[in-house]
Amino acid sequence: MFKGIYRGKQVHADDTDLLLQRAIKAGVQKLIITGTNLAESKEAIEQIEQSEHKDMLYCTVGCHPTRCDEFDAFEQGPQGYFDALLAIAKQHAKVVAIGECGLDYDRLQFCAKETQLHYFQKQFDLAEITGLPMFLHNRNTGGDFYDMIKTNRHKFKHGVVHSFTGSIDEMRALIDLGLYIGVNGCSLKTEENLQVVKEIPEDRLMIETDAPWCDIRPTHASHQYLSKIPAEEQACYSPPSKKKEKFEPGCMVKSRCEPCTIG
Ligand SMILES: [Zn+2]
């Protein structure tokens, strides 16, 4: 989407550089590109190496629960896929976390539960071997995610459960396991979400954009609070936007979240 490609179709020009400039103006000093499978983890490294803003860019390496079929489908088999992820994570100083990995039972149409569980388990090994922290995804998994973390907690030092949308009890249980809670626009949709987020201890709270996803929308409970942000900050955190079909270089694209919105 930062390259202007939506569902495989080029809709507008690549504006990665312009959006990084907006991020810098908003006070962003470093950012992490999420690897969601082997190909995208590789692409993240390439993107960093080619960027004019190389110094501020970092990435994760891992496989998202909805992409875990790729382990079995890989030409050199699941172990080959694992080894390839490991090689990237070991070789590049820009890799700062293992992930995004975890469980997602809202989207089982992309990958079956058993497959998700099996390859989430494998990715704890990536964290253990590399010593990197974990960037974790959990969606509607009952106690399965918690149980997996608990069983494997000795394998990694730090971890953040990103895009958190769970209950206060779920949040507290994860904090008791020493994890951080990551919050973005998707964590702030309902009044109930807001109540949970208020209870996160500050020293366990991380904020993220999850760009290009999870922007704050007018229908969200959090939206009313945006008007309280002073105008000069609004200008940095929420610059003018255009629909993607009416793209203008220098403007944000409607519904495409980007790093400057972190403010
Ligand atoms: Zn996620």
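**A tour of three packed helices**

Begin by selecting H4 and H5, two helices that pack at an angle of about 30° with their axes 10 Å apart; the axes are lines fitted to C-alpha atoms over the stretch in contact, and angles run from 0 to 180 degrees between N-to-C directions. H4 and H5 are therefore roughly parallel to each other, a term for angles under 35 degrees. The model you are viewing is predicted, so that local features need pLDDT of at least 70 and side-chain atom pairs count only at pLDDT 80 or more, while totals for chains, interfaces and linings use all residues. Residues are numbered from 1 along each chain as its sequence is written.

Stay with this pair, where H4 passes H5 in a right-handed crossing. The contact is made by Phe82, Leu85, Leu86, Ala89 and Lys90 of H4 together with Lys122, Leu126, Ile129 and Thr130 of H5, residues being in contact if their C-beta atoms, placed from the backbone, lie within 7 Å.

Next, select Lys122, which lies in helix H5 (residues 113-130). Lys122 is partly exposed because 17 other C-beta atoms lie within 10 Å, between the limits of 20 or more for buried and 12 or fewer for exposed. Its C-alpha atom is separated by 9.9 Å from that of Pro78, although the two residues are 44 apart along the chain.

Finally, select helix H2 (residues 38-50) and helix H4 (residues 77-91), whose axes come within 10 Å and cross at roughly 20°. That angle makes H2 roughly parallel to H4. Here Leu38, Ser41, Lys42 and Ile45 in H2 meet Tyr81, Ala84, Leu85 and Ile88 in H4.

Conventions. Helix = DSSP H or I, 4+ residues; strand = E, 2+ residues; numbered from the N terminus. Parallel < 35°, antiparallel > 145°, perpendicular 65-115°, else oblique. Contact = placed C-beta atoms within 7 Å. Left-handed = near helix turned anticlockwise from the far one by under 90°.
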